[in-house]
Amino acid sequence: MVDAVRLPLEVFYQREARHPRKRYLVQPLPGGALQELSWAEVGEQARRAASWLRARELAQGSRVAILSKNCAHWLIADLAIWMAGHVSVPLYPNLGAESVRQVLEHPRRNCCSSASWTTGRAWHRECPRRWPAWPCR
């Protein structure tokens, strides 16, 4: 018999509870340093961001765009969006301007985020003023 499919957030909660202090993500930093994050640390950061999103009082299931390089904080942003009851919409830095414009101008987009510090400053300038902009770390 095949097990029921579990959502990534369900799997995260299970592993966080089972291994809170175990290393989960490793983020390379400038100068060759590494930032190691445990399951509990990732959960705490995601819950804080989810709380920020819930305070925006977006409709349940709102689409939240993320623009970021591939990094640990992208995954944390995804978890936060899911924890807050929303849908994440990925935007990659190498997307052309027209593709990004089409996604951002879609009538169901409600909020935008930058999961990484390096893309965040430019992203916040481009994020339409009617959407809350997720603060960068």
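Color the chain by secondary structure and you'll get 5 helices and 5 strands. Keep in mind that you're looking at a predicted model. Walk along from the N terminus and the elements come in the order α-β-β-α-β-α-β-α-β-α. Of the 137 residues in the chain, 40% are buried.

**Stop 1: the hairpin**

Select residues 23-28 and 34-38, which are strands β1 and β2. The two strands run antiparallel, joined by 5 bridges. Now put Pro28 on show as sticks, and look across to β2: Leu34 is the residue opposite. Between the two strands sit 5 residues, and together the whole thing makes a hairpin. Pick out Gly31 in the turn; its phi is positive, at about 80°.

**Stop 2: helix α2**

Next, select residues 39-55, helix α2. How far apart are its end C-alpha atoms? Click on the two and you should get 24 Å. That agrees with the expected span, because 17 residues at 1.5 Å a residue should also cover 24 Å.

Now show these side chains of α2: Trp39, Val42, Gly43, Gln45, Ala46, Ala49, Ala50 and Leu53, which are its buried residues. Turn the view until you look down the helix axis, and you'll find them within an arc of 165°, so they line one face of α2.

**Stop 3: past the end of α2**

Keep going along the chain to Glu57, in the loop between α2 and β3 (63-67). Its phi is near 55°, a positive value in a residue that isn't glycine. Is Glu57 buried or exposed? Switch on the surface: Glu57 has a relative accessible area of 71%, so it counts as exposed.

**Stop 4: α1 against α2**

Bring back α2 and add helix α1, residues 8-18. The axes of these two helices come within 8 Å, and they cross at roughly 130°. α1 and α2 are therefore oblique to each other. As for handedness, α1 passes α2 in a left-handed crossing.

**Stop 5: helix α3**

Hide α1 and select residues 72-83 for helix α3. Its end C-alpha atoms are 17 Å apart, which agrees with the 16 Å that 12 residues should span at 1.5 Å a residue. Here the picture is one of a mostly covered helix, with 10 of the 12 residues buried. To see them, select Ala72, His73, Trp74, Ile76, Ala77, Asp78, Leu79, Ala80, Ile81 and Met83. Just after the helix, stop at Gly85, where phi is positive at about 85°.

With α2 still on screen, compare the directions of the two helices. The axes of α2 and α3 come within 8 Å and cross at roughly 50°, which makes α2 oblique to α3. α2 passes α3 in a right-handed crossing, whereas the crossing of α1 past α2 is left-handed.

**Last stop: Leu91**

Finish by selecting strand β4, residues 87-91, and pick out Leu91. How accessible is Leu91? Its relative accessibility is 0%, so it counts as buried. Then add Ala65 to the selection. In sequence, Leu91 and Ala65 are 26 residues apart. In space, their C-alpha atoms are 6.7 Å apart, which you can check by drawing a distance between the two.

Conventions. Residues numbered from 1 in each chain as written. Predicted model: local features only at pLDDT ≥ 70, side-chain atom pairs only at ≥ 80, totals over all residues. Heavy atoms only, no water. Pairing = 2+ DSSP bridges. Helix = DSSP H or I, 4+ residues; strand = E, 2+ residues; numbered from the N terminus. Expected span 1.5 Å × (residues − 1). Buried < 20%, exposed > 50% of the residue type's maximum accessible area, 1.4 Å probe, protein only. Arc of directions from axis to C-beta. Axes fitted to C-alpha atoms, helices over the stretch in contact; angles between N-to-C directions. Parallel < 35°, antiparallel > 145°, perpendicular 65-115°, else oblique. Left-handed = near helix turned anticlockwise from the far one by under 90°.
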